[in-house]
Structures are given as structure tokens and as C-alpha cells.
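Reader: I am in my first year and still learning how to read a model like this one. Could you choose a single part, look at it closely, and then show me how it sits among the rest?

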Amino acid sequence: MTTEPVALGKCRVCRRADTSSVAYSCNDCVNKLIELVRGIVHYATVVLPDSVEPVRGQTGRMSPGYGSTPPLRLDVVAALDPRSLPGDVDEHGDAITRRPDDSASWVRSIPRSLSSLADSIAGERDESRPGGTIAADAGYIRRNLWWVGAQPWVDDVAADLAELHHMARSLANDAPQKALGACLNVTCDGRVFWGGVGRPAQCERCRRTYDGGDLVRLAIANDLETA
């Protein structure tokens, strides 16, 4: 695992917040990593298994009696199969796509990726671990993320989990929520998102809430439609 230089006392993940109870990351970033793992497991066990068969409009151009793509979404099948390996590369090192409509990227196996990360953490801790299922692998990772936050390579783990979560969300066609705008706190560079039905909007970083007049000021500051 590799590390990059970062200001002394600053979180290696967000590069902004001061580290607090752990040596190389702030508490907020460790909590976000825990939520990323929970989200990955949710996609892999609840959402994506229902996405294996393509929905209407995603089967490609049709010819009489035949579809131009397989009856299954091979990208989702690959993501859910622990035996899946990354795709091949051509002579230039570029990813070889699996179908004409694939993007030039590899589909990672979610179970295999979580198992490998859990193995890496166990190896660094010089201990054996429970495993064999995606729930056991993810549970071990979550329980040790506060320990990972005290390691200088925590940013590598964060990048790996963020990439895996992004892939799972993309496979599920689950677009991320659009930010309402930049936080109005002068010392904060976070973004504000809706909090859900019956809840105020909130900054992702400083946790400032926005409702009533604050929402109007946020809209004006970010040139949003207030009507």
C-alpha cells in the first residue's frame, strides 16, 4: 500500500479536517467509510440481484426474433460473482470491453474485492478472520475501519471503497443526489443536500442545516430557482 504526502495533522482522506481520535484520518471520514461498506453490501445483496435481467429499453437494437445483447446483464453478473477477474487489456494497456456498448472499464467482483480487502487488513493486523460470505467479509472490514484510520495507508483503502461503491451504484443506475449548492459558512467548503421528507437540507461537511430563510439565501448565493 502506498501513501502520498499530506500536511501534518490533516486527514489523509479528505485532506482538510484535523485528525482527532485516530492518527491519519478524521472521525467523519472513518464514519463515511463505514457507510460506504454498508452501501456496497446493500447494492450487492439487495439491489443488483434484481438488476441481472435488463429492463425494457436496455436490451439494445432488436432484429426480428433476436436481441442484440444477451438476456442477462453480464456486467452485473460479473460484479456479483466472486470468481470474476478484471478484464483483459490490449497492447496499449487499455481495457478490452465485454460488449460493444460497454465503457472501457473493468467490472470488479464485489464479493472478491471485499474478501481481498478483508484479507489485506487481517494480514496487516497479523490475525485470522472470519469469512466465507460477503456479510462476514464486510463485517470484518467495518469493525476494523477505526484501526485502518490509524494507518498511513487509510487513503488507499478509502479510494478503493469509494471506487467500488461508485461502480455498484452505476450498475444499479442509481444516480447520486444533486447538491443544492455550496455551504454558506465561510470556513466550510462542503455542499448542501436535501435531508429527505420532513427534514431540513444539510451541509455534508459542517452539518449546518438549512430551512426557511436559510434555504432562500442558499438559493440566491448559488443562483438556484427559488420559485
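**A close look at one helix**

Author: D126 is exposed, with a relative accessible area of 71%, and it makes a convenient place to begin, although you should keep in mind from the outset that this is a predicted model. The residue sits in the loop between α3 and α4, just after α3 comes to its end, and there it takes a positive phi of about 55°. That sign deserves a second look, since D126 is a residue other than glycine.

From D126 we can step back into the helix itself, α3, which covers residues 110-125 and has 16 residues. A simple check on its geometry is to ask how far apart its ends should be: at 1.5 Å a residue the expected span is 22 Å, and the end C-alpha atoms turn out to be 23 Å apart, so the expected and computed values agree. At the start of α3 there is also a polar detail to find on the screen, where a side-chain oxygen of S109 comes to within 3.1 Å of the backbone nitrogen of R112.

The next thing to ask is which residues of α3 are buried. They are I110, P111, S113, L114, L117, A118, I121 and A122. If you look down the axis of α3, these buried residues fall within an arc of 170°, and so they line one face of the helix. The spacing in such a list has a general background: an α-helix has 3.6 residues a turn, so residues three or four places apart point the same way.

What, then, covers the buried residues of α3? The cover includes several other helices, namely α1 (27-47), α2 (74-80), α4 (134-143), α5 (145-148) and α6 (154-171). One of these, α4, can be read from its own side as well: its buried residues are I134, D137, A138, G139, Y140 and I141, and they pack against α1, α3 and α5.

Within α4, D137 is worth following on its own. Its relative accessibility is 5%, and D137 therefore counts as buried, the cut-off being under 20%. Leaving aside neighbours within four places in sequence, D137 is in contact with P111, L114, S115, A118, R129, P130, G131 and G132. Three of the names in that list, P111, L114 and A118, also appear among the buried residues of α3, and in this way a buried residue of α4 can be traced to the helix with which we are concerned.

With that part in view, it helps to set it within the whole protein, which has 7 helices and 6 strands. Read along the sequence, these elements follow the pattern α-β-β-α-α-α-α-α-β-β-β-β-α. Of the 227 residues, 35% count as buried, while among contacts between residues at least 6 apart in sequence, 49% join residues at least 24 apart. The exposed area of the protein is about 13,600 Å², and carbon and sulfur atoms supply 52% of it.

For a residue outside the helices we have been following, take V192, which is found in strand β4 (residues 191-193). At 0% relative accessibility, V192 counts as buried. Not counting residues up to four places away in sequence, it touches A179, L180, G181, A182, C183, A201, Q202, C203, Y210 and L218. As for L218, it lies 26 residues from V192 along the chain, yet the two C-alpha atoms are separated by 8.8 Å.

Two cysteines appear among those contacts, C183 and C203, and this leads to the matter of disulfides, of which the structure holds 0. The sulfur of C188 has its closest cysteine sulfur in C203, but the separation of 3.6 Å is too far for a bond. C206 is likewise in no disulfide, the nearest cysteine sulfur, that of C183, being 3.7 Å away.

Finally, you can return to the feature with which we began, for R207, in the loop between β5 (201-203) and β6 (209-210), also has a positive phi, near 70°, in a residue other than glycine. R207 is partly exposed, with a relative accessible area of 46%, whereas D126, the residue just after our helix, is exposed.

Methods:
Residues are numbered from 1 along each chain as its sequence is written. This is a predicted model: local features need pLDDT of at least 70, side-chain atom pairs count only at pLDDT 80 or more; totals for chains, interfaces and linings use all residues. Side-chain values use heavy atoms; hydrogens and water are left out. Helices (H or I, at least four residues) and strands (E, at least two) are DSSP runs, numbered from the N terminus. The expected span of a helix is 1.5 Å times one less than its number of residues. Buried means under 20% relative accessible area, exposed over 50%, partly exposed in between (1.4 Å probe, protein chains only). The arc is that of the directions from the helix axis to the C-beta atoms. Contact means heavy atoms within 4.5 Å. A polar contact is a pair of N or O atoms within 3.5 Å; within protein, one must be able to donate a hydrogen and the other to accept it, and residues adjacent in sequence count only if both atoms are side-chain atoms. Accessible areas come from the Shrake-Rupley method with a 1.4 Å probe; for residues, only the protein chains shown count as cover. A disulfide is a pair of cysteine sulfur atoms within 2.5 Å.
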